Amino acid sequence: METQLLTHAYQAGKYALPPLPYPADALAPYLDEATVLLHHDKHHAAYVAGANDAADTLRRIAQGDASPSLAPAATLNLAFNLSGHILHTLYWENLAPPPQDAPCGELADAMAATFDSLDGFQRVFRAATLAVQGSGWGILGVEPASRRLVVCAVQKHQDALIPGLKPLLVCDVWEHAYYLHYRNNRSSYLDAFFALINWEVVASRFRAHCHGYA
Ligand code: MN3
């Protein structure tokens, strides 16, 4: 499977909202249509708009058309909104209606090397993601020093992120991702998330990021 949604995240010189890769009701009953529509059409769209606003401010500063005093806020806004845009684009793509095949091949080997087993990965990922304070993300990625898999728990969209981390699997744990259906039960939402993981996409990202992994 090709993982191409990110190629639709920037079009004609602007950040753009990629369409969902499936109908909005395709993930029900794990993720209901209302949650998915609100999340994609309102929340994700707002990050796209925010990233474009911040990028535009920085361009105007460069051209001498806006005060350099706007740069600190604009860079923070760009980091927040662009990170949100990228993570949401990856999130929609790494979900699919069940049933899903378990990870296999090189990805399964890498997961065994780092986490011992799929169960071991899920224990680490669940614990880290469940404990994100406030709003954030659980991420499985490849870190550039060891080129091994690592789990990180990001706050907001961009805090506590490892530089150079290549994300393979991302889980949104902002309340807007689950509160309509699961209320405050983040753990039940994580059960649903695990059922929806598109391991074929995760494996494809792994191959793209980690040729020659050993
Ligand atoms: Mn979200």
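**Exercise 1. Is β5 mostly covered or mostly uncovered, and how many of its residues are buried?**

Solution. Before we start, keep in mind that this is a predicted model. Now go to strand β5, residues 166-172. Count the residues under the 20% cut-off for relative accessible area. Five of the seven residues in β5 turn out to be buried, and the strand is mostly covered. Asp-172 is a good one to check by hand: its relative accessibility is 0%, so Asp-172 counts as buried.

**Exercise 2. Work out the strand order of the open sheet that holds β5, and find its edge strands.**

Solution. Start with the pairings.

- Step 1: β3, residues 136-142, pairs with β5 in the antiparallel sense, over six bridges.
- Step 2: β3 also pairs with β4, again antiparallel, this time over seven bridges.
- Step 3: put these together and you get a three-stranded open sheet in the order β4-β3-β5.
- Step 4: β4 (149-155) and β5 (166-172) each pair on one side only, and that makes them the edge strands.

For a finishing touch, look at the twist: ignoring direction, neighbouring strands in this sheet are turned by 25° against each other on average. Then try the burial count on β4, and you'll find five of its seven residues buried.

**Exercise 3. Describe the link between β3 and β4.**

Solution. Follow the chain out of β3 and into β4: the two strands form a hairpin, with six residues between them. Now look at the backbone in that turn, where Arg-147 has a positive phi of about 60°.

**Exercise 4. Trace the surroundings of Gly-136.**

Solution. First, place the residue: Gly-136 sits in strand β3. Second, check how covered it is: with a relative accessible area of 0%, Gly-136 is buried. Third, look across to β4, where Gln-155 stands opposite Gly-136. Fourth, list the contacts, skipping neighbours within four places in sequence. Among them are Val-154 and Lys-156, and also Cys-171, Asp-172, Val-173 and Trp-174.

Now move along to the β5 side. There, Gly-138 stands opposite Cys-171, and Trp-137 has Asp-172 as its bridge partner.

**Exercise 5. Which residues hold the manganese ion, and how are they spaced in sequence?**

Solution. Find the ion and read off its donors: NE2 of His-39, NE2 of His-88, OD of Asp-172 and NE2 of His-176, at 1.9 to 2.2 Å. Next, write the spacing as a pattern, which comes out as H-x48-H-x83-D-x3-H. One pair links distant parts of the chain: His-88 belongs to helix α2 and Asp-172 to strand β5, 84 residues apart. You've already met Asp-172 as a buried residue; His-88 is buried too, at a relative accessible area of 0%.

How does helix α2 sit against the sheet strands? Helix α2, residues 71-93, lies across β3 and β5 and runs at about 85° to β5.

**Exercise 6. Describe how helices α3 and α7 pack.**

Solution. You need two numbers here, because two packed helices are described by the angle between their axes and the distance between the axes. For α3 (residues 105-115) and α7 (residues 199-209), the axes come within 9 Å and cross at roughly 85°. So α3 is roughly perpendicular to α7. Next, name the residues that meet: Glu-106, Leu-107, Ala-110 and Met-111 on the α3 side, with Trp-199, Val-202, Ala-203, Phe-206 and Arg-207 on the α7 side. Sorted by class, this contact has seven nonpolar, no polar and two charged residues.

**Exercise 7. Which residues of helix α6 are buried, and what covers them?**

Solution. Walk along α6, residues 186-196, and pick out the buried ones: Arg-186, Tyr-189, Leu-190, Ala-192, Phe-193, Phe-194 and Leu-196. Then look at what surrounds them. The cover includes α2, α4 (118-130), β5 and α5 (179-182).

**Exercise 8. Are His-8 and Asp-56 buried, exposed or partly exposed?**

Solution. The partly exposed class runs between 20% and 50%. His-8, in the segment before β1 (10-11), has a relative accessible area of 37% and is therefore partly exposed. Leaving out neighbours within four places in sequence, His-8 is in contact with Ala-16 and Pro-18. Asp-56 lies in helix α1, residues 33-62, and at 31% relative accessibility Asp-56 is partly exposed as well.

Methods:
Residues numbered from 1 in each chain as written. Predicted model: local features only at pLDDT ≥ 70, side-chain atom pairs only at ≥ 80, totals over all residues. Heavy atoms only, no water. Helix = DSSP H or I, 4+ residues; strand = E, 2+ residues; numbered from the N terminus. Buried < 20%, exposed > 50% of the residue type's maximum accessible area, 1.4 Å probe, protein only. Contact = heavy atoms within 4.5 Å. Pairing = 2+ DSSP bridges. Axes fitted to C-alpha atoms, helices over the stretch in contact; angles between N-to-C directions. Parallel < 35°, antiparallel > 145°, perpendicular 65-115°, else oblique. Nonpolar A, V, L, I, M, F, W, Y, C, P; charged D, E, K, R; others polar. Donors = N, O, S within 2.8 Å, 3.2 Å for Na, K, Ca; no water.
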